[in-house]
Amino acid sequence: MQTEILAAVQQALSASQEVFLVFDRDGTLVPISPLPDATSVSPLLLCGLADLVSAGAHVAILSARGLTCLSRDFPSTSLMLAGNSGLEIISAEKVYFCEARAAASRGLISKAREALSGWLSPQYGAILEDHELSLCLHWHLVPMRFLPEVFAIVDRFRSAFGTLSVRTLPTSFEIWPPVVWDKGFGLEQMTAMLRLKRAPLVLYAGDAEPDEAAFAWVNAHRGVSIRVGSSRKTEAQFCLSSCGSLVDLIAALSLLRS
Ligand SMILES: [Mg+2]
């Protein structure tokens, strides 16, 4: 599988096409942990990403996490970072983008975080991640006896903050500003911010349902889409078994130009 992916990228390079390599963070570059704050980006991975940049590729992270978290995890100034699925982006040249309606909702998200923090008793074991433009409420560590109370709080939240959208994911609720957006829109914006004369070959690797929109965007733009760590039905053209396989691929990609 890795050979096929490398061949697709090599073909773009031999046609003198620029290459834009975009990676999701959790479950793709970094294994998922029950505690979101417990995951860290290894120095080996950071070196691999830096090698890609040195080899002439444009490299980016596209994650549901906030930009503050991504800037801390990926301190290299040579990477484009896209937080909140691309609602907020900082390019390698330090050009900043924030989707207008998301920016206008920043204060409301902050109020929503304060309200939820007050309503959720620490004994529930729920984890509220603040991504600044959005929130994520994880309930996978909530004991069964507290789940009805946590779900009732989410219902109360929906009534109190009707402007914000609440997406139900397998073990969490994502609280979003009133913006129609997904990672496909994120990739569109990120590619535009590269300001290239000719469309690059875009490679995107992700691991979960929210990445499917990015796979669809990449496929429509004749790029390379990779789903990591899952054999479930996917739009991605290629599958890799684990984050480790992707790290190996990154090392192999950096050698392509040499
Ligand atoms: Mg992920």
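Student: Which stretches of the chain belong to domain 1 and domain 2, and what are those bounds based on?

Tutor: Domain 1 takes in 2-99 + 181-254, and domain 2 is 104-176; such bounds come from an automatic or database domain assignment. This is a predicted model, in which local features need pLDDT of at least 70 and side-chain atom pairs count only at pLDDT 80 or more, while totals for chains, interfaces and linings use all residues. Residues are numbered from 1 along each chain as its sequence is written, and side-chain values use heavy atoms, with hydrogens and water left out.

Student: How far apart are the C-alpha centres of the two domains, and how many residues does the contact take from each?

Tutor: The centres of domain 1 and domain 2 lie 28 Å apart. The contact takes 15 residues from domain 1 and 13 from domain 2, where contact means heavy atoms within 4.5 Å.

Student: What makes Asp24, Asp26 and Asp207 donors of the magnesium ion?

Tutor: Their oxygens, OD of Asp24, O of Asp26 and OD of Asp207, sit at 2.1 to 2.2 Å from the ion. Donors are N, O and S atoms within 2.8 Å of the metal (3.2 Å for Na, K and Ca), so these oxygens qualify; water is not among the atoms, so a site may look incomplete. Along the sequence the donor residues are spaced D-x1-D-x180-D. Both Asp24 and Asp26 are buried, a term for under 20% relative accessible area (exposed is over 50%, partly exposed in between, with a 1.4 Å probe and protein chains only).

Student: Why is Ile226 called buried?

Tutor: Its relative accessibility is 0%, so Ile226 counts as buried. Ile226 belongs to strand S11. Beyond neighbours within four places in sequence, its contacts include Ile5, Leu203, Phe215, Phe238 and Leu249.

Student: Why does the span of helix H9 agree with its 12 residues?

Tutor: The expected span is 1.5 Å times one less than the number of residues. For H9 (residues 243-254) that should be 16 Å, and the end C-alpha atoms are 17 Å apart, so the two agree. Helices (H or I, at least four residues) and strands (E, at least two) are DSSP runs, numbered from the N terminus. Among the buried residues of H9 are Leu246, Leu249, Ile250 and Leu253, and the buried residues pack against elements including helix H1 (2-14), strand S1 (19-23) and strand S11 (224-228).

Student: What makes S5 and S12 edge strands in the sheet of 8 strands?

Tutor: That open sheet has the order S5-S4-S3-S2-S1-S10-S11-S12, with mixed pairing. Strand S5 (96-98) and S12 each have a single partner strand, so one side of each lacks a neighbour in the sheet. Neighbouring strands here are turned by 15° against each other on average, direction ignored. H1 packs on the sheet, touching S1, S10, S11 and S12, and its direction makes about 155° with that of S10; axes are lines fitted to C-alpha atoms, for helices over the stretch in contact, and angles run from 0 to 180 degrees between N-to-C directions.

Student: How do you know that strands S2 and S3 pair?

Tutor: Two strands pair if DSSP finds at least two bridges between them. Strand S2 (residues 58-62) and strand S3 (residues 80-83) run parallel and are joined by 3 bridges, so they meet the criterion. Leu62 has Ala82 in S3 as its bridge partner.

Student: What order and pairing does the sheet of 4 strands have?

Tutor: This open sheet has the order S6-S7-S9-S8, with antiparallel pairing. Strand S6 (127-130) and strand S8 (165-169) are at the edges, each pairing on one side only. Between S7 (residues 135-138) and S9 (residues 172-176) there are 4 bridges, and Leu137 stands opposite Phe173 in S9.
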